[in-house]
Amino acid sequence: MTEEQPRARRGRPGHDRAAVLAAAVALFIRKGYDATTIDDIAKSLGVTKSAVYHHVDSKEELLSAALAEALDELDATVAAATQADGPATERLHEAVRRSVEVLVAHQPAVTLLLRVHGNTATEVAALERRRRIDRALAGLVRDAVEERGLRGDLDPDVVSRLLFGMVNSLVEWYRPDGPVSGEQLAQALTALAFEGLDAR
């Protein structure tokens, strides 16, 4: 092959691994992982099953990639917040704001993460990573309470679950092409969580 000749591309034009993954995630969310087949994914893309297998070895590989997309971003967000300097309350604010940004940027993958039930080894591993993230966030809330940055009459674990439950609920209604930007959404949620609705 000369330098002028284009390098051969793998797979059918217009359908690379990212497209296969996006189609799989959409089907996993709509039909459920167990009910989705490689044939379903191929049909949604208008290709053959062999074209899908050209990019991945199995359906579970697609599940693993999607869950890793969400978990890697969330892990990085929590690690940055827990390891940073400064008051725990400020770091918690940043963790909440950044979690909203991650959800907006990776909404399909985060939606899938929130719907897995542990039916496969991949799902079990993902749920364990999610529990570690939840524990780290709860620890950040406890630190903020101990520093008197948050009120101390509420159980920190409950506060953490409510706070990040509110973030997670965004997957059910937020639409990136709607009138509210991801930045506006992050600002509104953090204001509501830490300042409340009282106008006084």
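**Reading a nine-helix model**

Tutor: Let's open with A26, which counts as partly exposed because its relative accessibility is 39%. Keep in mind that this is a predicted model.

Student: How do I get from that percentage to the label?

Tutor: Buried means under 20% relative accessible area and exposed means over 50%, with partly exposed in between. At 39%, A26 therefore falls in the middle class. A26 is found in helix 1, residues 17–31. Its C-alpha atom is separated by 9.8 Å from that of T111, a residue 85 places apart from A26 along the chain.

Student: Let's zoom out. How many helices and strands does the protein have?

Tutor: There are nine helices and zero strands. Read from the N terminus on, the order is α-α-α-α-α-α-α-α-α. The C-alpha atoms fill a box of roughly 65 × 40 × 30 Å along the principal axes. Of the 200 residues in the protein, 38% are buried.

Student: And what share of the contacts joins residues at least 24 apart?

Tutor: Take the contacts between residues at least 6 apart in sequence: 68% of these join residues at least 24 apart.

Student: How should I read a nonpolar core?

Tutor: The general idea is that in soluble globular proteins, nonpolar side chains tend to be buried together. Here, the largest nonpolar core has 56 residues, and those touching the most other members are F28, I41, V52, L62, L67, L92 and V100. Helix 4 provides the largest share of this core, with nine residues.

Student: Pick L67 from that list. Which residues does L67 touch?

Tutor: Leaving out residues up to four places away in sequence, L67 touches L112, L113, V116, T122 and A126.

Student: F28 was on the list too. How do I read its ring next to another one?

Tutor: A pair of aromatic rings is described by the distance of the centres and the angle of the planes. Searching the whole structure gives two aromatic pairs. In one of them, the rings of F28 and Y33 have centres 5.0 Å apart and planes at 70 degrees, so this pair is edge-to-face. F28 and Y33 are both buried.

Student: What about W173 and Y174: what is their geometry?

Tutor: W173 and Y174 are also an edge-to-face pair, with 6.2 Å from centre to centre and 85 degrees between the planes. Y174 counts as buried because its relative accessibility is 2%.

Student: On to pockets. What should I look at?

Tutor: Look at the volume, the residues around the centre, the elements they come from and their chemical classes. The largest pocket holds about 570 Å³ of space. It is lined by 23 residues, and R130, D134, L137, F164 and N168 are the closest to its centre.

Student: Which element gives the most to the lining of the largest pocket?

Tutor: Helix 7 does, with eight residues. At least two residues each come from helix 4 (59–83), helix 5 (88–105), helix 6 (107–113), helix 7 (121–146) and helix 8 (156–168). By class, that lining is made of 13 nonpolar, four polar and six charged residues.

Student: What is the volume of the second largest pocket?

Tutor: About 360 Å³. Its lining has 14 residues, with L150, R151, L154, V159 and A193 nearest the centre. Helix 7, helix 8 and helix 9 (182–195) each give two or more residues to this lining. Helix 8 gives the most, six residues. The class count for this second lining is twelve nonpolar, one polar and one charged.

Student: Back to helix 5 for a moment. S99 is there; is S99 buried or exposed?

Tutor: S99 counts as buried, because its relative accessibility is 7%. Setting aside neighbours within four places in sequence, S99 is in contact with T77, F164 and V167. You have met F164 already, as one of the residues closest to the centre of the largest pocket.

Student: Last one: what is the phi of R148?

Tutor: R148 has a positive phi of about 65 degrees, although this residue is not a glycine. R148 sits in the loop between helix 7 and helix 8. It counts as exposed because its relative accessibility is 77%.

How values were computed: Residues numbered from 1 in each chain as written. Predicted model: local features only at pLDDT ≥ 70, side-chain atom pairs only at ≥ 80, totals over all residues. Heavy atoms only, no water. 1 Å grid on protein atoms, 1.4 Å probe; cavity = no way out; pocket = protein on both sides within 12 Å on 5 of 7 lines; lining within 4 Å. Points joined across faces, edges and corners; volume = space filled by probe spheres on them. Helix = DSSP H or I, 4+ residues; strand = E, 2+ residues; numbered from the N terminus. Nonpolar A, V, L, I, M, F, W, Y, C, P; charged D, E, K, R; others polar. Core = buried A, V, L, I, M, F, W, Y, C linked by side-chain atoms within 4.5 Å. Buried < 20%, exposed > 50% of the residue type's maximum accessible area, 1.4 Å probe, protein only. Contact = heavy atoms within 4.5 Å. Phe/Tyr/Trp six-rings, centres within 6.5 Å; stacked < 30°, edge-to-face > 60°.
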